[in-house]
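Here is a short, friendly tour to read with the model open beside you. Take it one topic at a time and follow along on screen.

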Amino acid sequence: MDKIEKDYPNALNAGLVWCLAWGNDRQPQYSRDILMQTVSAVLNETAPPPETRHLVAQVEALEKLEFPTAGLATLKDSPIWQQQTRIGLVYGGATKIKSYVWEAAQLQDIRGASAILDRINLVDLPGFFGNNTPKKVAEWLAANFPELAAALIPELIVYSTGGNILAFCPAAFVNNLADAIEKRYTHETLTANSCAVGETFRLLEIRLGRLQEPMENTPWLDWYRQNYQNDLVKAYFGSPKTEAEIVAAFQDRKSFNELALILAARFQQRRNGNDIPGVDRRSRRYPPMFETHPYFRRDEGDRRLAVTQAEELPGEPWFSEAVARKRLMGQISKRELPYGELPNWWKKAQLDWQPGEVETWVNKFEKFLAASDGRDRYYRGIPAKQITEARRMEEIGNSTNGFVAFIYADGNNMGGYIQKIKTAQEYRDFSQHISEATEQSVYRALAKHLAVHKLEKLNEPDSEGREDKWIHPFEIVTIGGDDVVLIVPANQALAIAHTICVEFEEFLCNIKDADNQYPYRLDDDNVIAKSVQCHRYEGSEPPPARCKLSISAGVVISEYKTPIYYTQNLAEQLMKSAKKMAKTLKNHESYQYHGGTVDFLALKSVTMISSNVESFRKEGLTHKSDKSSTLKLYSAPYTLPELAGLLETAKALKESKLPKSQIYQIRGFLERGKKTAILNYLYFRVRLESPYQELLKEKFEAAWCKAKTNNGNIAPWMYNQENQIYETIWRDLVDLYPFTEVSAKSEALEQGDKIEQTAMGVEVK
């Protein structure tokens, strides 16, 4: 099992000591040698210098501090209480990311935009703190915020993943650090929005949340016991009922979590363009501004004024500087250029922006493969040096008749889990665990279900010279925190989405240094029984959901020419639909299902859905039949065991030799009513040969369509007793039919039948 590596388990303690030793002013109260010796002593658990020994003792005491249920007065004699030095805390990151990444129609520009943001998030911002700082970042920081770099060290970072950063800093540099974060995004992207906010806190507040001045006037547990039923208090602390719940709710809120929530609220306030009372900062310090004269040439997105034409690229596009940076970064991230070289079109533009370096997702995936047992199967004997990344949507869909799938996945119950995190160290560990789990689950899914592909029969003019090239047949647009955006071949899309969700939970439940915090109550037989009762698939015994956290995904299957912004929007809607179902099943008293869910849609044309997915399903796929029974012509979203069963049923349908025309006819009969659909399904099924009839009975009828009141079935329908509706998976099976691959055994049997019939003189069609 992969283990999350930590540089030092007490790194944040070193960061807090650094802030206390620095003091409240812009110049440190101790020499830099003493500061660095103190940090080293904390990290290595050795004796600190005499000048700062009392500060180290205070931070160590804070770490061991028990929650004062008897009241704050019990802490008045503590050195922590007397500590007056403020500690800065800054939170920031990119905003309106979708408008920046998805404003372009070309995949090259989308991947370039994502790569720029990844470089800022993972390289530039940690570089402010001296964490492997690139030379260009150090020079930029020295020119724009000359005193800031000296005040920051890597141990101040709480987390820097998922597009956001949370970090401590000396109190005098809170606004400088927030301004630097915002300015870096604008300087590098020109058009991406960003926001950063900060505040200073006393040492005791790092453990006990926001305290009043003077601190002894802070309303504490006795006050909460008297007022916990007040509506305003409920909105802040929750709605506990028992004494134990009252104490737990108060402790959960009065912790480091409260400081993070204060910054999150200020972040939204500043993001909306409002000034924060008492904070001497201009609102949105560096907003991007661009002239849009109507008679000037614009870039390929028709948004901004063009500054250069890339004549050597297909179509000779015109670029604004913002788009030119995206295209350049896209080419670099996809290794279209020799290492360290810039394309001629960029040199001719004479733009002085430096793209910097960032490790691409494919580089990371290749490192994962190098240590994986599935390396040989994935590479298929092709040397890794001969394999390039897919450069266009056509190449990703080359193995599936031009169809690709857009996968958008996001974590479930993250907010609820974070609300119970009480310390900065727990925040740091949680961020590392989630980021690593998400990344590893994606790599495992891609390695399990895909293999390198040889390009053949390319049609687009932009694909000149790409014939017979071996590629990685996927695009990782982004992996940030618990968010995943992928583009993969259509035939493996649902299998990949399913594996991502399963592996995410498996990874978290097996982290050895997480103190068993992610698995939930597996010793409770009642919980295990409840967690498997929600599944509609009965073809196999579903495993109980193990993890408190999970992932839900939306999948859109479409032709590669479908505009990316359109599929991205639909995938986001489907992801939200899946998350809604996951939340419903989790909160349902009879189920308590904590696992992931997946919703999907297969598009036959761009105009198939002119409104949103929910309206399309409600108005077009939900019918009232005779006797007022409601028919749902779809069953999505699916739980993870249901999705695995759906894929098995799709394979069985394809192996059953049920003619494609009859499969589509049955779908058409669904709208004519329950009995009509049942009659016609049975009519077509009984005309099959016996082995194939038994296959459908086992994999479809018995697995999905059992009657609730007798031993029969109501195929192709399922009855939902709770909602009193009939629903069916048949439409979903039809959508998956073109992208379903039969097993090798089935193909061999079918080929054997054809050979036998040919030997007997029978014409095989």
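How many bridges join strand 11 to strand 12, and do they run parallel or antiparallel? The count is 5 bridges, and strand 11 and strand 12 run antiparallel. Please keep in mind that this is a predicted model. The points below start from that strand pair, then turn to an open sheet, a pocket and a buried arginine.

**The hairpin of strand 11 and strand 12**
- Strand 11 covers residues 475-480, and its partner, strand 12, covers residues 483-489.
- Across the pair, Ile479 stands opposite Val484 of strand 12.
- The hairpin has 2 residues between the strands, and Gly481 takes a positive phi near 65° there.
- Strand 11 is mostly covered, with 5 of its 6 residues buried.

**An open sheet of 4 strands**
- If you trace this sheet across, the order is 15-16-19-18, and the pairing is mixed.
- Its edges are strand 15 (622-624) and strand 18 (718-720), each of which pairs on one side only.
- On average, neighbouring strands of this sheet are turned by 25° against each other, direction ignored.
- Strand 16 (residues 630-632) and strand 19 (residues 725-727) run parallel and are joined by 3 bridges.
- To pick out one pair of residues here, look at Leu631, whose bridge partner in strand 19 is Tyr726.

**The second largest pocket**
- This pocket holds about 1,400 Å³ of space.
- Its lining is made of 45 residues, and those closest to the pocket centre are Met581, Lys632, Pro637, Asn720 and Asn723.
- Helix 23 (564-587), helix 24 (613-620), strand 16, strand 18 and strand 19 each give two or more residues to the lining.
- Helix 23 provides the largest share of that lining, 8 residues.
- Sorted by class, the lining has 16 nonpolar, 14 polar and 15 charged residues.

**Arg617 in helix 24**
- Helix 24 is also where you will find Arg617.
- Is Arg617 buried or exposed? With a relative accessible area of 7%, Arg617 counts as buried, because the cut-off for that class is under 20%.
- Its side chain makes a polar contact with the side chain of Asp599, at 2.8 Å.

Conventions:
Residues are numbered from 1 along each chain as its sequence is written. This is a predicted model: local features need pLDDT of at least 70, side-chain atom pairs count only at pLDDT 80 or more; totals for chains, interfaces and linings use all residues. Side-chain values use heavy atoms; hydrogens and water are left out. Two strands pair if DSSP finds at least two bridges between them. Axes are lines fitted to C-alpha atoms, for helices over the stretch in contact, and angles run from 0 to 180 degrees between N-to-C directions. On a 1 Å grid over the protein atoms alone, a cavity is a set of points where a 1.4 Å probe fits but cannot get out, and a pocket is an open set with protein on both sides within 12 Å along at least five of seven lines; lining residues have an atom within 4 Å of a point. Grid points are joined across faces, edges and corners, and a volume is the space filled by probe spheres set on the points. Ala, Val, Leu, Ile, Met, Phe, Trp, Tyr, Cys and Pro count as nonpolar, Asp, Glu, Lys and Arg as charged, and the others, Gly among them, as polar. Buried means under 20% relative accessible area, exposed over 50%, partly exposed in between (1.4 Å probe, protein chains only). A polar contact is a pair of N or O atoms within 3.5 Å; within protein, one must be able to donate a hydrogen and the other to accept it, and residues adjacent in sequence count only if both atoms are side-chain atoms.
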